[in-house]
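Colleague: Could you teach me how to read a few features of a model?
Modeller: Gladly; let's open it together.

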Amino acid sequence: MRMRTLSTAVAAIGLALVAGCGSSADVVSDASGSSQETSSSSQGSGDGSDSTTTLTAANFAEVVAGAQTDAQSTHMTMSMDIAGQSIDAEADLTTDADPAKTAMRMSMDMGGQAVEMLMVDGAIYTQAPGMPEGKWMKIDLDEAAGAAGGSFAQLRESIDPAQSIKNLKDSLKDLKDTGETATIDGVEAKRYDAVVDTSKLADLPAAAGAQLPDEITYQYWVGPDNLPRKIVLEGLGTPMEMTFSKWGEKVEVTAPSPDSVIDGSSMLGG
């Protein structure tokens with residue numbers, strides 16, 4: 001698969017995560033340093049039995065992000081369309097206050113082409129069509145260069161909980177409780193329409209920012225435990241839907257064996 005296509009998808013996923021995720025985790029490495037793991041917490045049950053917080057534009061970012069901080073990890077599915085190309089993804093992820101310690105395992109179907117991605121120990125590993133069988137391409141996020149390298153690095157930064165909270169808190173213009181509810185992941189979730197001022201979204205690439213309208217509206221479906229269960233974005237020509245489940249369940253991401261890794265950092269260009 002061409003690197004340009006892959007980096008475009010990664011950048012889009014990163015943007016979605018900026019809007020949708022603000023969690024943090026207690027991430028630990030095993031003796032070899034090649035895996036990161038988080039354990040379940042009581043918040044992860046998602047039964048919604050202990051929350052009475054009224055969500056408003058003033059507290060939405062901090063309350064929802066705080067619930068995710070307690071949960072520590074989640075399973076995510078995503079579907080979106082970019083320039084007529086459908087992208088479906090499924091991921092388990094956990095984050096840390098230090099973006100270098102974030103971890104993710106993702107499978108993507110990009111227009112019928114399968115891509116596997118791991119993010120662990122400050123690097124991204126991918127398997128994509130056209131690569132040697134059984135091999136993973138490694139991108140060291142501290143060494144990646146060029147525009148494509150920046151897209152990979154942006155994916156890591158977008159899961160930084162501090163930046164995610166700041167982005168949403170600073171850019172949220174209005175929050176509307178629609179009164180609409182739906183059962184998602186076994187939880188009765190309430191729909192909130194969050195209006196975001198795109199001029200206040202931090203760290204967007206200039207090209208991406210120039211293509212956005214002045215404001216966009218996300219549908220946040222939030223359970224009574226303040227955890228998001230679904231996020232929907234429509235009307236930008238790139239419809240996107242993300243769902244979240246398995247909050248707080250154990251997640252472990254392990255780097256591939258060294259003999260299966262190809263260094264791809266130099267392929268990104270300067």
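**Strands and rings**

Modeller: Let's start with one facing pair: tyrosine 220 stands opposite isoleucine 231 in β12. This is a predicted model, where local features need pLDDT of at least 70 and side-chain atom pairs pLDDT 80 or more, while totals for chains, interfaces and linings use all residues. Residues are numbered from 1 along each chain as its sequence is written, and side-chain values use heavy atoms, leaving out hydrogens and water.

Colleague: Which strands does β12 pair with?
Modeller: Strands are DSSP runs of E with at least two residues, helices are runs of H or I with at least four, and both are numbered from the N terminus. Two strands pair if DSSP finds at least two bridges between them. Here, β12 pairs in the antiparallel sense with β11 (residues 215-222) over five bridges, and with β13 (residues 240-245), again antiparallel, over four bridges. In β13, methionine 242 is the bridge partner of isoleucine 231.

Colleague: Why is β12 described as largely enclosed?
Modeller: Buried means under 20% relative accessible area, exposed over 50%, and partly exposed in between, using a 1.4 Å probe and protein chains only. Six of the six residues of β12 (residues 228-233) are buried, so the rest of the structure largely encloses this strand.

Colleague: How many aromatic pairs are there?
Modeller: Rings of Phe, Tyr and Trp (its six-membered ring) pair if their centres lie within 6.5 Å; planes under 30 degrees apart are stacked, over 60 edge-to-face, the rest tilted. This structure holds four such pairs. The rings of phenylalanine 60 and tyrosine 192 have centres 6.2 Å apart and planes at 50°, so this pair is tilted. Both phenylalanine 60 and tyrosine 192 are buried.
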